[in-house]
Amino acid sequence: GLALKSSWKCTDPLFVGISSLTGQQLRGASKAAKLIRSINPNIPIVFGGWHASLLPNELIKEPYIDIVAKGQFEHRIVNLANDIAHNEKSCPSVTWKQSGSGIIDTGAPTLPDRFYPINFNLIDLKKYSSYFRYLTSFGCYLDCSFCCLKVISKHKYVFREIDQVVSDMKYVIDHSNPICNINIDDDEFFFKKQRVMEFCEKWIASGYNKIPISLLVHVRAALTYSDDMYKTMAKAGVRSILIGAESGSHIILDRLKKYQTKDQILQFVEKITKFRIVPDLSTMTGFPDSDELGDLKETILMLQEAVKINPHTKFKLFFIRPYPGSELFEEFKSQGWKMPSSVKEWTDYTLRHAPAWTSREVSDMTNFFMAKFLPSRGWVFTWDQFIEEFWKCREKDEIPIQRGM
């Protein structure tokens, strides 16, 4: 706070924009907004990002927020700046606070028709982590019941030209701290096979392919790729692929509309292991109206099987937290579960913090597995051994709590 106050420019900015996800990131975002308001109460504060796009009418009620920008907004930002400068309200996809309790809304989020170039000259890249995260596209064709992406993208896509992708990645590598990993965080990188192959071939030709690349993909798409394509991806530097495995239970997979099976998940692990690519499986547990304990068991045993196939397999085990706007979010609400209604409440809506709809038993069991049992025992165990050690720990009231997201 003191550093911000001391470095504040004499010339007031036209507005201050803050972007945030849903969850704990809102804590820092709201703290920054309140600090800015305390320094100069006349500077308009604009909130954008995922949370703003999903709950604009709720967010605009916060006393330190004046304007909410919805959706991918780079193609609107100049329009918004002109509106603020001239006291107008013509920019689409914006919610404006009015005097009193009124608002003006100029429409739903929209996607730009293209990616706009990033001016890296405006960024001091050496200040940032050696992990470089980058989007080559935005959008997803899937219909997962817990995801809010379709609310924003409406199953549409925007792609960055591959030549621009290669140029941007080379620039960042040349002008930042030594890059040790590139994360391509597209919602569905494997959507177009020809585009994936074009990237791999051009990245190999650039000579930068020694740097490890991590991808995020969908397992059904991943299984349609040939061995020759995986061989090319490995040569391009792909070292890790993250998929939303979600669950070892076919009932839960169907409920999530993943349209994949446990066997397909394990086939994917086996397929990419041949090319020394590490699988990273994201899973979740703690569903209401389900056999929670059975679901958790099937998921843990699926992960154990994946590790047998590839000992380097990485994984995440979260609690189910459907995002606002998703089918499951509305379903949980209709069942009577209370959802957050303010920024303060949303900061605790995190993937590692057990929600009210997850039973105490499964919550404790998940925390015990992640924070105590697995770090000390590793993956060589039977389910009965796990359960026995869990109850011993619980009787002593020594269940640890996970930290993080």
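Two strands pair if DSSP finds at least two bridges between them. Keep that rule in hand for this predicted model.

**Exercise 1. Find how β11 and β12 are joined, then name the next partner of β12.**

Step 1. Take strand β11, residues 238-246. Between β11 and β12 there are 5 bridges, and the sense is parallel.
Step 2. Check a position: Ser240 stands opposite Val278 in β12.
Step 3. Turn to β13, residues 314-319. Here 6 bridges join β12 to β13, and the two run parallel. Ser282 stands opposite Lys316 in β13.

**Exercise 2. Decide whether β12 is enclosed or open to the outside.**

Step 1. Buried means under 20% relative accessible area.
Step 2. In a regular strand the side chains alternate between the two faces of the sheet.
Step 3. Sort the residues. Val278, Asp280, Ser282 and Met284 point one way, while Pro279, Leu281, Thr283 and Thr285 point the other way. All are buried.
Step 4. Conclude: 8 of the 8 residues of β12 are buried, so this strand is largely enclosed by the rest of the structure.

**Exercise 3. Describe the open sheet that starts with β1.**

Step 1. Read the order: β1-β2-β3-β4-β5, 5 strands with mixed pairing.
Step 2. Find the edges. They are β1 (16-19) and β5 (103-105), each pairing on one side only.
Step 3. Add the twist, which averages 20° from one strand to the next.
Step 4. Place helix α5 (residues 77-86). It packs on the sheet and touches β2, β3 and β4. Its direction makes about 20° with that of β4.

**Exercise 4. Classify Leu122: buried or exposed?**

Step 1. Locate Leu122 in the loop between β5 and β6.
Step 2. Exposed means over 50%. Leu122 has 71% relative accessibility, so it counts as exposed.

Note on methods: Residues are numbered from 1 along each chain as its sequence is written. This is a predicted model: local features need pLDDT of at least 70, side-chain atom pairs count only at pLDDT 80 or more; totals for chains, interfaces and linings use all residues. Side-chain values use heavy atoms; hydrogens and water are left out. Helices (H or I, at least four residues) and strands (E, at least two) are DSSP runs, numbered from the N terminus. Axes are lines fitted to C-alpha atoms, for helices over the stretch in contact, and angles run from 0 to 180 degrees between N-to-C directions. Contact means heavy atoms within 4.5 Å. Buried means under 20% relative accessible area, exposed over 50%, partly exposed in between (1.4 Å probe, protein chains only).
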